[in-house]
Protein chains: 2
Amino acid sequence: MNYRSVIKVLGFLLLVTSACLVLPAIISLAYGESDWPYFLASSGVGLLLGGGSLLFLRGAPDLRVREGFAVVAFGWLCVGLLGALPFWLSGQIPSFTDAAFESISGFTTTGASILTDIESRSHGTLFWRAMTHWLGGMGIVLLALAILPLLGVGGMQLFRAEVPGPVAERLTPRIRETAKILWGVYFLLTVAEILALIIAGMGPFDAICHSFATMATGGFSNNNSSVGGYNSAPIEWVLIVFMFLAGANFSLHYLALKGKWKLYFRDEEFKFYGTIVLVTTSLIVAALLPIHFYPHWGETVRQSLFQVVSIITTTGFGTADYLLWPPISHALLLILMGVGGCAGSTGGGIKVMRVLILLKHAKLELKKMLHPRGVFTLWFNNRAISSSLQTNVLGFFLLFMMVYIGGVLILTLGGRDLLTSVGATAATLGNIGPGLGEVGPASNYSALFNWEKWLLLFFMIVGRLELFTVLVLFLPGAWRKS
Amino acid sequence: MNYRSVIKVLGFLLLVTSACLVLPAIISLAYGESDWPYFLASSGVGLLLGGGSLLFLRGAPDLRVREGFAVVAFGWLCVGLLGALPFWLSGQIPSFTDAAFESISGFTTTGASILTDIESRSHGTLFWRAMTHWLGGMGIVLLALAILPLLGVGGMQLFRAEVPGPVAERLTPRIRETAKILWGVYFLLTVAEILALIIAGMGPFDAICHSFATMATGGFSNNNSSVGGYNSAPIEWVLIVFMFLAGANFSLHYLALKGKWKLYFRDEEFKFYGTIVLVTTSLIVAALLPIHFYPHWGETVRQSLFQVVSIITTTGFGTADYLLWPPISHALLLILMGVGGCAGSTGGGIKVMRVLILLKHAKLELKKMLHPRGVFTLWFNNRAISSSLQTNVLGFFLLFMMVYIGGVLILTLGGRDLLTSVGATAATLGNIGPGLGEVGPASNYSALFNWEKWLLLFFMIVGRLELFTVLVLFLPGAWRKS
């Protein structure tokens with residue numbers, strides 16, 4: 001491990017964040033609020049730390065694979081801690097643990113909150129909170145599509161090397177170009193959502209913040225009761241559409257914008273993603289209708305669809321306390337928490353593509369039982385998936401389950417009840433936000449102990465960075481001198 | 001699929017069960033009870049059906065792999081239904097669904113019960129109930145060590161072909177001999193336990209029934225409050241020891257009886273099994289002691305150890321309502337439900353050996369991230385595990401999770417709450433017995449709907465037969481004419 005190279009890149013990330021911290025200061029000034037100096041001060045801290053490390057380590061060598069892991073893992077942590085600074089300095093979030101929780105929850109696009117009274121926060125705070133989402137979401141698109149494949153990480157290499165048949169080929173091969181294109185799509189969709197939300201009746205400030213939170217599949221809202229606070233069907237429908245888009249592969253959107261929208265219906269992952277949403281929504285509607293949970297069937301459909309899309313995309317916006325719904329909803333939503341968004345989206349979780357490969361793999365193993373000497377190929381988007389990639393996806397699932405089980409054990413060991421522990425681990429590891437039990441949609445994470453908050457922060461980063469990236473740093477070999 | 005061959009073998013299994021049904025009739029007569037004719041009548045039905053199919057299908061060809069799957073899957077079902085007959089005919093269990101539940105729960109050594117007042121049942125009924133366990137346990141030892149490897153099923157082929165280094169080599173290679181040896185061990189241990197229980201103060205009848213239930217890791221007890229009903233520390237200690245033995249590989253016991261007891265400490269699976277028991281017991285003790293749940297630390301240790309061993313071996317005897325213990329116990333016991341006993345034991349679940357291989361595989365996948373071009377070997381008991389076997393174990397885990405998730409979905413869809421659904425599915429799929437929530441250790445399965453009972457019966461058989469064996473029958477190819 002070459003620490004100097006790692007620190008140099010981390011310095012660059014701090015500089016970028018430092019520049020972004022000027023924006024909430026401007027918002028604060030514009031609204032005549034008094035907390036703009038804290039944003040500028042935090043920006044200054046980032047400038048000093050980031051600029052300093054860049055200056056002093058100018059001569060450090062370039063990154064290799066091993067350092068890449070450290071950069072992505074510690075990058076999210078450093079940026080998150082810098083982002084926590086204004087919350088803490090301004091006294092908007094008095095505890096540093098809480099400020100770090102809110103900021104890292106933002107950057108990892110988790111959207112788990114410790115704020116109990118959101119509506120009384122300053123505009124600058126709310127804007128920065130939403131912006132951490134948006135920056136994190138950008139970072140993830142870049143990470144998943146450009147950096148991780150270089151590190152050879154996870155099933156995401158699927159995207160570049162093996163799967164996308166009609167998709168990836170047509171994107172330009174160079175990373176810088178790919179990143180630009182996808183950021184362009186991300187930016188365009190954000191603008192489109194802001195406009196749509198304003199038309200649907202939301203104020204411009206809230207529209208910007210909620211669009212940031214949607215496109216990053218984050219989930220921070222400016223209301224104590226999340227999106228439910230607007231009590232507006234048009235706003236909810238707009239959010240449903242854009243959450244669904246944010247949970248799909250951004251390359252597909254790019255190709256659709258270029259007129260190739262038929263590719264949506266040729267992409268196996270997208271079709272499966274759509275099917276899951278339709279089937280689970282139907283099941284929940286079927287459970288809610290007979291007990292007349294909502295007065296109208298239209299509202300039943302909207303509430304069910306909203307919650308399903310919000311959870312599978314790992315956004316975590318809330319309009320209803322789904323813990324009051326019938327048991328099948330709990331089971332389905334808990335499963336959706338694990339599934340997560342599509343590969344190449346801003347969503348978290350295991351990812352639809354991996355789930356599909358796991359299902360196909362299980363079927364293949366059964367077939368092998370019947371025909372022990374048969375040779376079977378796993379097809380995805382009309383391409384054969386190599387057995388080493390299958391093993392990788394299985395390994396990912398295994399690690400996901402292990403970290404999940406480990407999290408539940410640690411939390412229950414600390415005395416937290418089983419449902420809350422399961423919900424909190426799933427919601428942070430999957431970057432969703434609201435969980436079950438004491439951290440369910442009707443409450444938040446403020447009541448947890450500080451050590452629990454730091455543990456969950458760790459899960460947010462582990463989940464966000466596709467597990468391997470972070471967990472590999474726990475192997476002694478990762479730190480060996482080179 | 002050659003149906004005639006399958007039916008011929010099923011007929012043979014029915015004949016064996018029919019012969020065994022004479023024993024409870026003798027017990028019933030000996031205790032001067034009036035239900036002996038029902039056992040004889042059921043025996044007659046078995047004789048007719050079994051003898052008839054053997055006579056008429058004498059000329060059917062031998063089994064091939066494909067028919068093997070059907071025989072083991074339907075074998076457990078047919079024998080279970082025949083075993084339900086005396087319960088139902090005698091009116092001891094008036095509903096046929098309930099009678100089938102009790103019988104199949106017995107033969108699969110699950111030990112989930114629908115009996116609400118066990119103590120008022122006739123001796124014949126209680127004896128037959130315990131005997132279903134013992135016969136099932138015998139069947140499983142034979143299945144896991146002799147039949148399944150021939151079918152090429154699951155990680156159990158590990159036992160014969162790949163793993164056991166010091167173990168399997170010394171067992172005689174021929175199946176018939178292996179089966180005899182292991183049944184001998186099974187028989188000896190059962191006798192030893194009966195004697196130990198009598199010395200510990202249990203009546204001879206109860207000692208026989210509980211020994212049957214222990215050695216098969218079944219869990220039926222003759223008391224409404226299970227083993228807790230005796231309120232006796234010596235009895236509980238005897239059961240702890242024999243449950244632990246029943247959850248270990250029977251080949252190790254055979255070698256120990258031949259003086260090679262050092263092999264226990266050289267077998268990786270056995271060491272890991274012992275470690276899990278020690279660590280989880282310590283954690284539960286550490287959670288129970290500070291809150292003074294039990295008056296004495298000795299009782300705390302005994303109760304924790306009893307529950308841990310009872311659950312990991314998938315026996316399911318109860319001495320305490322663990323749902324009243326602190327949350328960490330719930331999480332740990334739920335995990336142990338999945339782990340299950342060792343390969344080659346009568347225990348259910350995923351099996352310790354598979355869990356160990358999964359853990360090693362996950363570590364290997366992480367190492368591959370660091371050294372993308374490295375070649376890694378998974379070692380188990382000093383032997384290299386082939387990648388196809390690793391994939392098979394991963395596939396097993398995947399299928400287990402899928403059936404588990406599917407079960408929870410179906411039960412919650414029917415309106416059952418999440419905790420009960422999770423507990424009931426885990427407890428039947430893992431062949432444990434008591435679950436969580438409404439089917440927790442302080443209650444039983446009698447309150448479930450009939451369709452839920454049949455679903456859980458299906459899970460018992462699927463879990464018992466290592467998933468692949470049953471699930472493969474759902475592939476259309478399994479039924480193709482040959």
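Helices (H or I, at least four residues) and strands (E, at least two) are taken here as DSSP runs, numbered from the N terminus. By that rule B:K351 lies in the loop between α14 (327-339) and α15 (352-370) of chain B.

This is a predicted model, in which local features need pLDDT of at least 70, side-chain atom pairs count only at pLDDT 80 or more, and totals for chains, interfaces and linings use all residues. Residues are numbered from 1 along each chain as its sequence is written, chains are lettered from A and ligands numbered from 1 in the order in which they are written, and side-chain values use heavy atoms, with hydrogens and water left out.

**Confidence**

The model scores ipTM 0.83 and pTM 0.88. pLDDT is the predictor's confidence in each residue, from 0 to 100. For chain A the mean pLDDT is 87, and 92% of the residues reach 70 or more. Among the elements of chain A, the highest mean pLDDT (97) belongs to helix α9 (residues 204-215) and the lowest (37) to helix α7 (residues 157-162). Over residues 153-172 of chain A, pLDDT stays under 50. For that stretch the model has 66 contacts (heavy atoms within 4.5 Å) beyond four places in sequence.

**The two chains**

Copies are superposed by least squares on the C-alpha atoms of residues with pLDDT of at least 70 in both. A turn of 180° with a shift of 0.0 Å along the axis lays chain B on chain A with an RMSD of 0.0 Å. The two copies are therefore related as by a two-fold rotation axis. Both copies use the same surface, since 100% of the contact residues of chain B recur in chain A.

The contact takes 48 residues from chain A and 48 residues from chain B. Between them the chains bury about 4,200 Å², 85% of it on carbon and sulfur atoms. Buried area is the accessible area (1.4 Å probe) that two parts lose on being put together, summed over both. Of the area that chain B buries against chain A, 17% comes from B:L366, B:M369 and B:L370, more than from any other three residues.

**Helix α2**

Buried means under 20% relative accessible area, exposed over 50%, and partly exposed in between (1.4 Å probe, protein chains only). In helix α2 (residues 22-30) of chain A the buried residues are A:P24, A:A25, A:I27 and A:S28. Seen down the axis of α2(A), these buried residues fall within an arc of 160°, so they line one face of the helix. The arc is that of the directions from the helix axis to the C-beta atoms. An α-helix has 3.6 residues a turn, so residues three or four places apart point the same way. Just after α2(A), A:G32 takes a positive phi of about 65°.

**Positive phi outside glycine**

Most residues other than glycine have a negative phi. B:T109 is not a glycine, yet its phi is positive, at about 55°. B:T109 is found in the loop between α5 (96-107) and α6 (123-151) of chain B, and it is buried, with a relative accessible area of 0%. B:K351 is likewise not a glycine and has a positive phi of about 90°. At 2% relative accessibility, B:K351 counts as buried.

**Selected residues of chain A**

The table gives C-alpha separations for three residues.

| Residue | Partner | Separation along the chain | C-alpha distance |
|---|---|---|---|
| A:H133 | A:T110 | 23 residues | 8.2 Å |
| A:R64 | A:M1 | 63 residues | 8.9 Å |
| A:T300 | A:V285 | 15 residues | 6.3 Å |

A:H133 is in helix α6 (residues 123-151) of chain A and counts as buried at 0% relative accessibility. Leaving aside neighbours within four places in sequence, A:H133 is in contact with residues including A:S105, A:T110, A:Y186 and A:F220. A:T300 is in helix α13 (residues 297-312) of chain A and is buried, with a relative accessible area of 1%. With the same neighbours left aside, A:T300 is in contact with A:V285, A:L288, A:L289 and A:Y294. A:R64 is in the loop between α3 (36-56) and α4 (65-89) of chain A and is partly exposed, with a relative accessible area of 42%.

**Cysteines**

A disulfide is a pair of cysteine sulfur atoms within 2.5 Å. A search of the whole structure finds zero disulfides over all chains. A:C78 is in no disulfide, and the nearest cysteine sulfur, that of A:C20, is 16 Å away. A:C78 is partly exposed, with a relative accessible area of 25%, while A:C342 counts as buried at 1% relative accessibility.
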